[in-house]
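Subject: Structure handover

Hi,

Here is the structure I promised to pass on. Have a look at it first, and my notes come straight after.

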Amino acid sequence: MKNKFLLLGIALASLTACKTASTLQLAEAKPQKNISINNELKNDEEFVKVIEPYKLKLDKEMNQKISHTSVDLTKQGDNSNLGNLLADYTFEGADAWTKKNLQKNVDAALINIGGIRTTIGKGDILLKSVFEVMPFENEVIIVKMKGSDLQGLFDYYAKTQVNNPVSHLYIETNNGQLTQSKINGKPVDPSGEYYIATSDYLALGGDNMKFFSKGESISTGIRLRDLFIEYFKKTSEVVPNTDVRLNFIGKK
């Protein structure tokens, strides 16, 4: 059954990829018998033989161990350990790029919890685990913002009370009212200049983060997933930070 779905996927991908400059003309259409995709459908053995070496190679690569965790990495709660971890990886990778290419420091990072598609159970972290967590091709973007425009970021969290992971940010609300907002432990300087690392999806206003439109978006060419894989490989034992970054007092 697994092979049947694989064959179907390849066939669909092939059809999608085929393009022509001219309009296709349907000469004649005749009704045919429907073919159900079930256990009775025979595999094309010759085709299976062709793709089997590629499947084995892909399976071997995806099942390679890249790190280890002694705790479950989850996305639950306002300060989830997986959310904090990936936000920190985003910050660190973006900061390294920004130092090299812009001669500046990244001040904070922000990603969306919806972009983290699943969790990672304790034990060996496999390459395929990161593809399951981050199946999208999102790019790391640096948004250069005025301190005065960052109020929109803090107001967004106060209004939504959403657990989108952050790094080097502290946001506190009380019954939906903003009470504290800090970057690197310091209040925001309205006249200052800040570099915020995020994804292209959010930089373009995804999840209704319209405040990013007031800044200047700088492309890094780095895929978030590639960055996560790189940082998982750097650490044989993952120890996520569990500090409080989003403190929604009285959240309903």
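Below is what I found, going from the whole chain down to single residues.

A word on the source: this is a predicted model, so local features need pLDDT of at least 70, side-chain atom pairs count only at pLDDT 80 or more, and totals for chains, interfaces and linings use all residues. Residues are numbered from 1 along each chain as its sequence is written, and side-chain values use heavy atoms, with hydrogens and water left out.

The whole chain

The protein chain has seven helices and 11 strands (DSSP runs numbered from the N terminus: H or I of at least four residues for helices, E of at least two for strands). Of its 252 residues, 40% are buried (under 20% relative accessible area, with exposed over 50% and partly exposed in between, using a 1.4 Å probe and protein chains only). Among contacts (heavy atoms within 4.5 Å) with a separation of 6 or more, 80% are between residues 24 or more positions apart.

Helix H3

H3 covers residues 81-102, and 16 of its 22 residues are buried. Its end C-alpha atoms are 30 Å apart, which agrees with the 32 Å expected at 1.5 Å a residue (the expected span is 1.5 Å times one less than the number of residues). Thr98 sits in this helix and counts as buried because its relative accessibility is 0%. Beyond its neighbours within four places in sequence, Thr98 touches Gln103, Lys104, Asn105, Val106 and Ile142. Gln103 comes just after H3 and has a positive phi of about 55°.

Around strand E9

Six of the seven residues of E9 (193-199) are buried. E9 pairs with E2 (108-110) in parallel over two bridges (pairing requires at least two DSSP bridges between the strands), and Ala109 is bridged to Ala197 of E9. With E4 (139-146), E9 pairs antiparallel over seven bridges; here Lys144 has Tyr195 as its partner in E9.

The four-stranded sheet

An open, mixed sheet runs in the order E8-E7-E6-E11. Its edge strands, E8 (186-187) and E11 (246-249), each pair on one side only. E7 (177-183) and E8 are antiparallel and joined by two bridges, with Ile183 partnered by Lys186 in E8. Helix H5 (151-160) lies across E6 (169-174), E7 and E11, at about 135° to E7 (axes are lines fitted to C-alpha atoms, for helices over the stretch in contact, with angles from 0 to 180 degrees between N-to-C directions).

Cheers
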